[in-house]
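Biologist: I should like to learn how to read a structural model. Could you take me through one, feature by feature?

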Amino acid sequence: MSDLATVDRAPARGMITLRGDFTSSKLKRAVKAATGHAVPKPGRIAGDGHKGVAWMSPDELLLMVPYEDVASTVDNIASDMGDTHYLTVDVSDARAVFSITGPDANEVLARLCPVDLHKDSFAIGGFRRTRLAQVAAAFWRHDTGFDLVCFRSVADYAEGVLQRSALARKTGAL
Amino acid sequence: MLILECPYCGVQADETELHAGGEAHLKRFGPDSSEEDFEGYLFVRENPKGVHLERWRHSAGCGKWFHAARCTMTLEVFGTYPAQTLAPPKYIIERIKDKRPGWSWRNFS
């Protein structure tokens, strides 16, 4: 094992996909109530993987809450939104989560994703949906490295490519 | 490698994160249209050696469709813009005409 970074599969987290109109004040209030954070700007995450909200697309957010709170959060969003058009799905069990920690965690991801991961381009709090080798994934940067989310159906593949990438020698290009 | 800026995410997305969707700004003709119009909508496409207007989907990212003005010969990109429009924005047309005087593409010039 090299010392580039450590790749660990994290336990399932509570994740809710929320789609709707970001300009709606009801949606803003519902997101704030569910996660304690405001709707983030494109390419950003507010909070962290245990209690946070990430920008997925112009009409989609990923809400992260403790696993056991998902059902009650979905119910609360339903009552907050009233008859305003929106959609929520509990995707907690559809996703796998990996944490990639270490001083050179960005090198591990840079080998697999077409993303500029220099800390000046992709800072702490940056969130990106992209391609991890051959599968779709999303990740964000935090104090100690990255958290990465992908579909659980491809979790073994993702773990394999991440582990293999972490074995390689440091290039120092980033 | 072709790199296009996704107008929704604002990220520089490379070709492997995108899916090409063919020609942009097609006018749809339905069941009551003439045979010529329907044939044109289904089959007749621009194929310029030069600046082309194309549809792309940010398939590994936000999943949204957008349009790009791109030179098929030099791969120079003149800009990308959201797909909810019937015509390219003025500044993109001006940028193209600055570099390619006399450019025209279907009804746009």
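Modeller: The following dialogue takes up the sheets, a helix, two backbone angles and a contact between chains. This is a predicted model, in which local features need pLDDT of at least 70 and side-chain atom pairs count only at pLDDT 80 or more, while totals for chains, interfaces and linings use all residues. Residues are numbered from 1 along each chain as its sequence is written, and chains are lettered from A and ligands numbered from 1 in the order in which they are written.

Biologist: What order do the strands of the open sheet of chain A have?

Modeller: In a regular strand the side chains alternate between the two faces of the sheet. Helices (H or I, at least four residues) and strands (E, at least two) are DSSP runs, numbered from the N terminus, and two strands pair if DSSP finds at least two bridges between them. Here five strands of chain A form an open sheet in the order 3-4-5-2-6, with antiparallel pairing. Strand 3 (45-47) and strand 6 (86-90) of chain A are the edge strands, each pairing on one side only. On average, neighbouring strands of this sheet are turned by 20° against each other, direction ignored; axes are lines fitted to C-alpha atoms, for helices over the stretch in contact, and angles run from 0 to 180 degrees between N-to-C directions.

Biologist: Over how many bridges do strand 4 and strand 5 of chain A pair?

Modeller: They pair over five bridges, in the antiparallel sense. Within this pairing, G52(A) has M64(A) in strand 5 of chain A as its bridge partner. Elsewhere in chain A, strand 7 (residues 95-101) is joined by five bridges to strand 1 (residues 6-10) and by seven bridges to strand 10 (residues 145-151), antiparallel in each case. V97(A) is the bridge partner of A10(A) and also stands opposite V149(A) in strand 10 of chain A.

Biologist: Which residues of helix 4 of chain A are buried?

Modeller: An α-helix has 3.6 residues a turn, so residues three or four places apart point the same way. A residue is buried if 20 or more other C-beta atoms lie within 10 Å of its own, exposed if 12 or fewer, and partly exposed in between, with C-beta atoms placed from the backbone. In helix 4 (residues 155-167) of chain A, the buried residues are A158(A), L162(A), S165(A) and A166(A). Seen down the axis of helix 4 of chain A, these residues fall within an arc of 100°, so they line one face of the helix; the arc is that of the directions from the helix axis to the C-beta atoms. On the other side of this helix, D156(A), G160(A) and L167(A) are exposed.

Biologist: Which residue in the loop between strand 8 and strand 9 of chain A should I examine?

Modeller: Most residues other than glycine have a negative phi, and most peptide bonds are trans. A133(A) is found in that loop, and its phi is positive, near 50°. With 16 C-beta neighbours inside 10 Å, A133(A) counts as partly exposed. H25(B), which is not a glycine, likewise has a positive phi, of about 60°, and lies in the loop between strand 3 (19-23) and helix 1 (35-43) of chain B.

Biologist: How many residues does each chain give to the contact?

Modeller: Two residues are in contact if their C-beta atoms, placed from the backbone, lie within 7 Å. Chain A gives 11 residues and chain B gives 12 residues. Strand 8 of chain A gives the most to its side, with four residues.

Notes:
Expected span 1.5 Å × (residues − 1).
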